[in-house]
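Here are my notes for you to read with the model open beside them. Take the points in order, and find each residue on screen as you go.

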Amino acid sequence: MRIKEKVANIDYSETRQFFKNRAQKFQEDNPYSVTMYQDNNKELVQERNKKEVGRILPMLQLDERSRVLDIACGIGRWADALPGNIAEYCGVDFSSELIKIARERNTREKFSFIEGPANEVEQVLRHADKGTYNTILLMGIMIYLNDEDILSVLEQVGNICEEHALICIREPVGIEERLTLKDFFSDELKDNYNAIYRTRRELGDFYAKTLFKKGFRIAEEGFLFEEEALNNRKETSQYFYILRR
């Protein structure tokens, strides 16, 4: 089902099953397709990952003091991109199957992966005896969250940030209007897919209600891919925000 403009919630149990199925399709020679899709187009996956990392990584300004929290880390795609001399990396994901793959793929010192839902991230970190972070990554997580849980996640993110911190959000957005895919069978993925593509105005409203009240401001933003070949969706496009405090 395709729902335009109207607010409709998605079922997290369906999303969990979807990513369980995705984990079973993990390919050593095309690992990032698990969460970037394009199972049959290895070159496109590699090019998109290269362009994303190449554009965003310099903006993070990482050094030996950087403590990075990656919420919805998947198999650790962004962990692979980070330098090994940072103070800490912690990846959190609600999929036990994806976390298992992440742990097997990345065994670097100071890098860890924890299973847990994004909307309970404060509790998940507390149970793992984790502290606060100065760099937070939210890379494509909000399309899988209902509105109330986005507000909860952003509120919690603000709480677990150090006094001076950076938040990077990379999100597929609805170009002209909100689009919800609910129990939508994807021929490309060969599975039912549930996701909510919000407009930039809607995302801005979420930030205003949460992160802006905690002192964060948008330092940089823009469409991620300039190349038409990397933007093969008519209704949605990848967009990024760098927020600082």
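1. Before anything else, keep in mind that this is a predicted model. Start on helix 8, on the side where Arg201 and Lys209 are exposed. Now turn to the other side: the buried residues of helix 8 are Glu202, Leu203, Phe206 and Tyr207. Looking down the axis of helix 8, you'd find these buried residues within an arc of 145 degrees, so they line one face of the helix.

2. What do the buried residues of helix 8 pack against? There are four partners: helix 7, strand 6 (161-174), strand 9 (217-223) and strand 10. The next points follow up on helix 7 and strand 10.

3. A word on how to talk about helix pairs. Two packed helices are described by the angle between their axes and the distance between the axes. For helix 7 (residues 147-159) and helix 8 (residues 200-209), the axes come within 9 Å and cross at roughly 45 degrees. Angles under 35 degrees count as roughly parallel and those from 65 to 115 as roughly perpendicular, and helix 7 and helix 8 are therefore oblique to each other. Their crossing is right-handed.

4. Which residues make the meeting between helix 7 and helix 8? From helix 7 come Asp147, Ile150, Leu151, Leu154 and Glu155, and from helix 8 come Phe206, Tyr207 and Lys209. Sorted by type, the residues of this contact are five nonpolar, no polar and three charged. Notice that Phe206 and Tyr207 are also on the list of buried residues of helix 8, while Lys209 is exposed.

5. Stay in this area and look for Leu211, in the loop between helix 8 and strand 9. Is Leu211 buried or exposed? Its relative accessible area is 0%, so Leu211 is buried. Not counting residues up to four places away in sequence, Leu211 touches Leu154, Gly158, Ile167, Phe216 and Leu243. You've already met Leu154, one of the helix 7 residues that meet helix 8. As for Pro117, 94 residues away along the chain, its C-alpha atom is separated from that of Leu211 by 20 Å.

6. Strand 10 (residues 236-244) includes Thr236. With a relative accessibility of 13%, Thr236 counts as buried, because the cut-off for buried is under 20%. Which residues does Thr236 contact, leaving aside neighbours within four places in sequence? They are Val173, Gly174, Ile175 and Tyr197.

7. Next, go to helix 5 (residues 96-105), where you'll find Ile101. Ile101 has 11% relative accessibility and so counts as buried. Setting aside neighbours within four places in sequence, Ile101 is in contact with Ala23, Phe26 and Ile75. Try a distance too: between the C-alpha atoms of Ile101 and Phe184 there are 27 Å in space, and the two residues are 83 apart in sequence.

8. Ile101 has company, as the buried residues of helix 5 are Leu98, Ile99, Ile101 and Ala102. Down the axis of helix 5, the buried residues fall within an arc of 160 degrees, so they line one face of the helix. They pack against helix 1 (12-24), helix 2 (33-36), strand 3 (88-93) and strand 4 (111-115).

9. How do helix 1 and helix 5 pack? Their axes are 8 Å apart, at an angle of about 35 degrees. In this contact Phe19, Lys20 and Ala23 of helix 1 meet Glu97, Leu98 and Ile101 of helix 5. By type, the residues involved are four nonpolar, no polar and two charged. Here Ala23 turns up again, as it was among the contacts of Ile101.

10. Finally, check two backbone angles. Tyr37 is not a glycine, yet it has a positive phi of about 65 degrees. Tyr37 lies in the loop between helix 2 and helix 3 (42-60), and at 10% relative accessibility it counts as buried. Asp183 also has a positive phi, near 50 degrees, and is a residue other than glycine. You'll find Asp183 in strand 7 (residues 179-186). With a relative accessible area of 42%, Asp183 is partly exposed.

Definitions and conventions. Residues numbered from 1 in each chain as written. Predicted model: local features only at pLDDT ≥ 70, side-chain atom pairs only at ≥ 80, totals over all residues. Heavy atoms only, no water. Axes fitted to C-alpha atoms, helices over the stretch in contact; angles between N-to-C directions. Parallel < 35°, antiparallel > 145°, perpendicular 65-115°, else oblique. Left-handed = near helix turned anticlockwise from the far one by under 90°. Contact = heavy atoms within 4.5 Å. Nonpolar A, V, L, I, M, F, W, Y, C, P; charged D, E, K, R; others polar. Buried < 20%, exposed > 50% of the residue type's maximum accessible area, 1.4 Å probe, protein only. Arc of directions from axis to C-beta.
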